[in-house]
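Let's take a friendly walk through the charged and aromatic side chains of this protein. Keep the structure open as you read.

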Amino acid sequence: MAKRALITGVTGQDGSYLAELLLAEGYEVIGLVRRSSTLTIERISHIQDRLTLVSGDLVDEVSLINVLRDCRPSEVYNLAAQSFVQTSWTQPVLTGEVTALGVTRILDAIRIVDPEIRFYQASSSEMFGRVRTVPQDEHTPFYPRSPYGVAKVYGHWITVNYRESYNLHASSGILFNHESPRRGLEFVTRKVTHGAARIKAGLATELRLGNLDAQRDWGYAADYVRAMWAMLQRDTPDDFVIATGETHSVRELCEVAFRAVGLDYEDHVVVDPAFIRPAEVDLLVGDATKAHSVLGWKCEVDFYGLVEMMVAADLDALAR
Ligand code: NAP
Ligand code: G4F
């Protein structure tokens, strides 16, 4: 019999790649979508007829209990969140409700309906914030620098706590930044690749950005969802850092993306204080040794391959 998985956040970047992976592995895939006046299923429209979409919201525990009772999944991947760091300063309470307490609601729903369900929590390298060690691994202490980072620390520890309190098969993936042509336009990688493509196409002349010196460990989202799945296939739940092990600055990102369209970023990028954050995470670089050895996971697309892929997809979309 086919395994059945529930994905919260199925309409997001990671949800769409994970849904593709699970379908390829022969799963029945249920996707939780929240009510909105227009459907936000652009990223999953190509597989929509193979998914079952159910209605629910991480702020409404009864909706989660009912979905689990009706659908009876054996695996739950909790990818839903208010995931944009900048917005977490303007909507800190909403961010806490969804990104922090939402994790408790889904864990409680699992505990009530079927404690045998295997659970994945989408934790984040933003938890490391003002980093205590370089590189960061599973033992690095957390020092979050945004309401989003604080909410993710809560989500991480409540996952650990429910594993230890109720013996749930609950794992936390501490994923470093991962990107793709499906990345939201507000995140810096897509903002830069889309911006460079628009300038190349003559649709704009400048791109306004914030801190060009911030450094991130950027990987490819389709590589990272393989790690999520691998965590739930193990007999024992655990926590894993998922990262490429390389870091690059936003400035390098601009150089590579603009070079890919035959332009010099210095002619077009303007630093705008509106995009500088109240508190910054200056440097992230992960050590995924544990995931390599225990999960057999490794990434296949590097920073340069990723940026080139995203620029090509943006040029192609504009041409169409
Ligand atoms: P994303 O594209 O922003 O997707 C977020 C998803 O959450 C969307 O499907 C969104 O639905 C859904 N959602 C938001 N609020 C909800 C609510 N109240 N109830 C139910 N669903 C809700 O994020 P992503 O990049 O795929 O990231 C997936 C997860 O990994 C997130 O938890 C994120 O914080 C975490 N993470 C991401 C990265 C990264 O670099 N991408 C790194 C570490 C951790 P709508 O379509 O309706 O808005
Ligand atoms: O692309 P970003 O918005 O991603 P950020 O803040 O690192 O968060 C992403 O990765 C986390 C994992 O570490 C996830 F948990 C989270 O959900 C999200 O997916 O910004 C990256 C860096 C920051 O230092 C920011 O200050 O780019 C800098 N930046 C410079 N100019 C900018 C801009 N970021 C954005 N979004 N827009 C700018 O104009």
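A charge patch here is made of residues with over 30% relative accessible area and no salt bridge, with like charges joined within 9 Å. In this predicted model, Glu255, Asp264, Glu266 and Asp267 gather on the surface as a patch of negative charge. One of these residues, glutamate 266, sits in the loop between helix H8 (250–260) and strand S13 (269–271). Is glutamate 266 buried or exposed? With a relative accessible area of 60%, glutamate 266 is exposed, because the exposed class covers values over 50%.

**Salt bridges**

Side chains of opposite charge can pair when their charged atoms come close. The model contains 16 salt bridges by the rule used here, and the table shows some of them.

| Acidic residue | Basic residue | Closest N to O distance |
|---|---|---|
| Glutamate 97 | Arginine 105 | 2.5 Å |
| Aspartate 223 | Arginine 226 | 3.0 Å |
| Aspartate 316 | Arginine 320 | 3.4 Å |

How do these partners sit with respect to the surface? Arginine 105 is buried, at a relative accessible area of 14%, while its partner glutamate 97 is partly exposed at 29%. Aspartate 223 is buried, with a relative accessibility of 4%, and arginine 226 is partly exposed at 26%. Aspartate 223 and arginine 226 both belong to helix H7 (residues 221–233), and because they are 3 residues apart there, about one helical turn separates them. As for the pair of aspartate 316 and arginine 320, aspartate 316 is partly exposed at 41%, and arginine 320 is exposed at 75%. Elsewhere, Glu126, Arg216 and Glu280 are joined into one network by salt bridges that share partners.

**Aromatic pairs**

A pair of aromatic rings is described by the distance of the centres and the angle of the planes. How many aromatic pairs does the structure hold? The structure holds 10 aromatic pairs. One to look at is phenylalanine 84 with phenylalanine 187: the ring centres are 5.2 Å apart and the planes lie at 75°, so this pair is edge-to-face. The pair links distant parts of the chain, 103 residues apart. Phenylalanine 84 is in the loop between strand S4 (75–78) and helix H3 (87–90), whereas phenylalanine 187 is in the loop between strand S7 (178–179) and helix H6 (188–200). Both phenylalanine 84 and phenylalanine 187 are buried.

Another group to find in the viewer is the aromatic cluster formed by Phe128, Phe142, Trp157 and Phe176.

Methods
Residues are numbered from 1 along each chain as its sequence is written. Chains are lettered from A and ligands numbered from 1 in the order in which they are written. This is a predicted model: local features need pLDDT of at least 70, side-chain atom pairs count only at pLDDT 80 or more; totals for chains, interfaces and linings use all residues. Side-chain values use heavy atoms; hydrogens and water are left out. Patches are made of residues with over 30% relative accessible area and no salt bridge: like charges are joined within 9 Å, nonpolar side chains (Val, Leu, Ile, Met, Phe, Trp, Tyr) within 5 Å. Accessible areas come from the Shrake-Rupley method with a 1.4 Å probe; for residues, only the protein chains shown count as cover. A salt bridge is a side-chain nitrogen of Lys or Arg within 4 Å of a carboxyl oxygen of Asp or Glu. Lys and Arg count as positive and Asp and Glu as negative; His and the chain ends are not counted. The place of a charge is taken as NZ of Lys, CZ of Arg, CG of Asp or CD of Glu. Helices (H or I, at least four residues) and strands (E, at least two) are DSSP runs, numbered from the N terminus. Buried means under 20% relative accessible area, exposed over 50%, partly exposed in between (1.4 Å probe, protein chains only). Rings of Phe, Tyr and Trp (its six-membered ring) pair if their centres lie within 6.5 Å; planes under 30 degrees apart count as stacked, over 60 as edge-to-face and the rest as tilted.
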